[in-house]
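Thanks for coming, everyone. I'll keep this short. Please take a look at the model on the screen.

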Amino acid sequence: MKRPTLEQFLEKVKDHVLTANLDQGLYRDITIKKPGSIDAHYNITTRPDYLMLTGDMGSFVFTRIPDMFNFFRDKDGYSISPSYWEEKLEAVCSRDGAKKFDCEKVNEALKKELNTFLEDLDPDDEDDLEKIEAANEAVDNFINFTEQDEHGYVTAIRDWDESDAGGLDLTDFWEHGTDTWTYRYIWCCYAIVHAIKLYDEYKSNEGQVP
């Protein structure tokens with residue numbers, strides 16, 4: 001499943017409202033949900049240095065500064081920083097986590113390795129032509145016939161035989177990024193920013209500075 005866009009997230013929560021269960025300084029507990037429904041509902045709980053998100057889309061715990069709302073707050077829009085925020089994760093959702101192995105990224109990385117390898121070969125040279133054909137065949141076989149899951153891909157790269165691939169060496173292959181953000185993690189990043197916006201509106205309506 002591809003990562004959600006901001007537009008998709010906002011459409012999903014367009015009827016959600018905030019309920020403040022606890023609001024005592026840095027100690028907060030708020031629920032964001034559509035009245036009468038638990039679909040895509042979530043809760044945000046904070047204490048000094050920590051923010052915890054729980055709900056229908058998973059659970060994540062972040063830690064960075066005393067007021068974590070200040071850490072995530074974006075007053076001008078819905079800007080999220082998945083990579084930087086991941087560094088502040090203390091605990092992740094047991095269902096998906098923040099990242100997952102991405103077979104498509106492995107395929108893209110392998111194609112890059114192939115293209116780099118081919119740049120140094122001359123198709124008009126008989127020996128080089130054999131290497132080109134062997135490398136192309138090895139990459140095609142990997143992409144088309146390897147079991148498309150993490151175990152299958154990792155095993156295939158580990159067992160890669162450069163002599164059967166025209167000399168294409170994958171010793172440093174895992175320096176390529178082969179993970180992608182999970183749908184739930186990106187959704188929850190948007191959810192945190194959205195919750196803080198609703199909270200700031202709630203405080204403003206009470207005549208208080210968030």
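**Charges, rings and the sheet**

Start with R28, which lies over the face of F69, 4.1 Å from the ring centre. Keep in mind that this is a predicted model. There is a second charge over a ring. The charged end of K197 sits over Y78, 5.1 Å from the centre of that ring.

Now the aromatic pairs. How many does the structure hold? The count is 16 aromatic pairs. A pair of rings is described by the distance of the centres and the angle of the planes.

Take W181 and Y185. Their centres are 5.4 Å apart, with 40° between the planes, and the pair is tilted. Are these two residues buried or exposed? W181 has a relative accessible area of 16%, under the 20% cut-off, so W181 is buried. Y185 is at 0%, so Y185 is buried too.

Next, Y199 and Y202. Here the centres are 6.1 Å apart and the planes are at 40°. That angle is neither under 30 degrees nor over 60, so this pair counts as tilted. Where do Y199 and Y202 lie? Both are in helix α7, residues 183-205. They are three residues apart, about one turn of the helix. Y199 has 3% relative accessibility and counts as buried. Y202, at 24%, is partly exposed, because buried means under 20% and exposed means over 50%.

There is also a ring cluster. Ring pairs link F101, F142, Y153, W160, F173 and W174. Y153 brings us to helix α6, residues 150-158, where Y153 is one of the buried residues. The others listed as buried there are G152, T155, A156 and I157. What do the buried residues of α6 pack against? They pack against β7 (99-101), α4 (103-119) and α5 (126-145).

On to the sheet. It is open, with six strands in the order β1-β2-β3-β4-β5-β6, and the pairing is antiparallel. Which strands stand at the edges? Those are β1 (17-24) and β6 (89-91). Each has a single partner strand, so one side of each is left without a neighbour in the sheet. From one strand to the next, the twist averages 20°.

Look at one pairing inside the sheet. β4, residues 50-55, and β5, residues 60-63, pair in the antiparallel sense over four bridges. Y50 stands opposite T63 in β5.

Last, back to α7. This helix lies across β1, β2 (27-33), β3 (42-47), β4, β5 and β6. It runs at about 70° to β1.

Notes:
Residues numbered from 1 in each chain as written. Predicted model: local features only at pLDDT ≥ 70, side-chain atom pairs only at ≥ 80, totals over all residues. Heavy atoms only, no water. Phe/Tyr/Trp six-rings, centres within 6.5 Å; stacked < 30°, edge-to-face > 60°. Buried < 20%, exposed > 50% of the residue type's maximum accessible area, 1.4 Å probe, protein only. Helix = DSSP H or I, 4+ residues; strand = E, 2+ residues; numbered from the N terminus. Lys NZ or Arg CZ within 6 Å of the ring centre and 35° of its normal. Contact = heavy atoms within 4.5 Å. Pairing = 2+ DSSP bridges. Axes fitted to C-alpha atoms, helices over the stretch in contact; angles between N-to-C directions.
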